[in-house]
Amino acid sequence: MYIVFEGIDGAGKSTQIQLLKQWLEDNGFRVETLVEPTDSEVGKLIRKILQRPDATTDNVQKTLGLLFAADRMLIMDKLEDKSKIIISDRSFISSLAYQEPVDWIEVLNKYAKKPDLLVLLDLDVKKSVARTSGEDTFENEEFLIGVKDNYLKLAKNYTSEIIDANNGVNKVSSDIKKVIAPYLGICPDCIQ
Ligand SMILES: Nc1ncnc2c1ncn2[C@@H]1O[C@H](COP(=O)(O)OP(=O)(O)O)[C@@H](O)[C@H]1O
Ligand SMILES: Cc1cn([C@H]2C[C@H](O)[C@@H](COP(=O)(O)OP(=O)(O)O)O2)c(=O)[nH]c1=O
């Protein structure tokens with residue numbers, strides 16, 4: 001099963017993926033976690049470009065769209081592993097939410113694997129900006145308001161669960177477990 005966590009910067013993806021991984025392993029599942037951008041040569045270049053002051057300009061955004069698509073091709077084989085649950089921190093859906101024009105981004109990601117389940121952590125933009133160091137020029141309110149709206153529209157195109165990420169860590173984690181349990185045959189009532 002390929003599960004993708006999405007959400008704006010600082011939504012709690014990394015935090016929740018670690019908690020979910022531990023819980024699934026405690027329930028007897030084998031789990032592998034991935035992150036986009038990856039730690040490949042392409043991913044490293046992306047992280048460098050993200051810190052440019054002009055990262056949100058049209059041309060740099062189009063460059064990033066190309067690079068993100070190239071970067072994720074390097075992990076496509078890992079997503080086919082049926083022996084474990086793959087949980088990814090971001091996916092091509094991030095490109096559809098952050099970059100534009102969407103029709104071009106869709107073509108670039110034609111060969112990207114679609115998730116069996118999209119978990120969208122929906123966080124207020126003000127909390128996102130407060131939580132992130134503001135390193136990447138993406139982490140500004142006006143830009144992230146658009147990204148948040150894009151995610152809510154995109155979620156309708158996939159098997160998805162939208163989680164209120166404004167709650168405390170444990171409440172968010174419990175909400176995630178409750179919605180994921182049925183997909184994996186775990187009894188929801190067994191969850192604290
Ligand atoms: N539910 C939460 N409430 C308050 N702070 C949180 C919550 N979840 C995560 N954080 C904090 O917000 C920051 C971003 O969390 P992180 O899991 O790295 O988000 P993401 O991976 O989506 O960027 C971290 O400092 C983390 O400790
Ligand atoms: C994977 C991906 C990420 N991004 C953006 C989202 C983030 O701002 C940044 C990735 O940095 P990241 O370290 O993932 O930030 P965070 O975990 O706080 O979201 O790149 C895109 O714009 N398109 C993409 O396809």
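This text walks through the fold, the two ligand sites and a few unusual backbone spots. The model is a predicted one.

Start with the sheet. It has five strands and is open. Read across it, and the strand order is 2-3-1-4-5. The pairing is parallel. In general, strands of a sheet pair through backbone hydrogen bonds, either parallel or antiparallel. Now look at the edges. Strand 2 (31–35) and strand 5 (160–164) stand there. Each has a single partner strand, so one side of each is left without a neighbour in the sheet. The strands are also turned against each other. Between neighbours in this sheet, the turn is 20° on average, with direction ignored.

Take one pair in detail. Strand 2 runs parallel to strand 3, which spans residues 85–89. Five bridges join the two. Within this pair, Val-35 stands opposite Asp-89 of strand 3. A helix packs on the sheet as well: helix 1, residues 13–26. Helix 1 touches strand 1 (2–6), strand 2, strand 3 and strand 4 (117–122). Its direction makes about 170° with that of strand 3.

Next, turn to ligand 1. Which residues lie around ligand 1? Begin with the run Gly-10, Ala-11, Gly-12, Lys-13, Ser-14 and Thr-15. Then add Arg-131, Asn-167, Gly-168 and Val-169. Helix 1 appears again here, as it gives the most to this shell, with three residues. By class, the shell around ligand 1 has two nonpolar, six polar and two charged residues.

Some of these residues make polar contacts with ligand 1. Ser-14 places a polar side-chain atom 2.6 Å from an oxygen atom of the ligand. Thr-15 has a side-chain N or O atom that is also 2.6 Å from an oxygen atom of ligand 1. Asn-167 uses its backbone instead: an N or O atom there lies 2.9 Å from a nitrogen atom of ligand 1. How much of ligand 1 does the protein cover? On its own, ligand 1 has 560 Å² of accessible area, and the protein covers 63% of it.

Now move to ligand 2. There are 16 residues around it. Asp-9, Arg-47, Arg-90, Ser-95 and Gln-99 come nearest. Asp-9 has a polar side-chain atom 2.6 Å from an oxygen atom of ligand 2. For Arg-47, a side-chain N or O atom is 2.9 Å from an oxygen atom of the ligand. Gln-99 also has a side-chain N or O atom at 2.9 Å from an oxygen atom of ligand 2. Taken alone, ligand 2 exposes 540 Å², and the protein buries 90% of that.

Where does this shell come from? Three elements give two or more residues to it: helix 2 (41–50), helix 3 (58–73) and helix 4 (92–98). Helix 4 supplies the largest share, three residues. The shell around ligand 2 holds five nonpolar, four polar and seven charged residues.

Finish with the backbone. Arg-90 was named above among the residues that come nearest to ligand 2. Arg-90 sits in the loop between strand 3 and helix 4. Its phi is near 85°, a positive value in a residue other than glycine.

Two peptide bonds also deserve a look. Which residues does a cis bond join, with omega about -10°? They are Glu-36 and Pro-37. Pro-37 lies in the loop between strand 2 and helix 2. Another cis peptide bond joins Glu-100 and Pro-101, with omega about -5°. Here the proline, Pro-101, is in the loop between helix 4 and helix 5 (102–108).

Key:
Residues numbered from 1 in each chain as written. Chains lettered and ligands numbered in written order. Predicted model: local features only at pLDDT ≥ 70, side-chain atom pairs only at ≥ 80, totals over all residues. Heavy atoms only, no water. Pairing = 2+ DSSP bridges. Helix = DSSP H or I, 4+ residues; strand = E, 2+ residues; numbered from the N terminus. Axes fitted to C-alpha atoms, helices over the stretch in contact; angles between N-to-C directions. Contact = heavy atoms within 4.5 Å. Near = heavy atom within 4 Å. Polar contact = N/O pair within 3.5 Å; in protein donor to acceptor, adjacent residues only side chain to side chain. Areas by Shrake-Rupley, 256 points an atom, 1.4 Å probe, with all protein chains shown as cover. Nonpolar A, V, L, I, M, F, W, Y, C, P; charged D, E, K, R; others polar.
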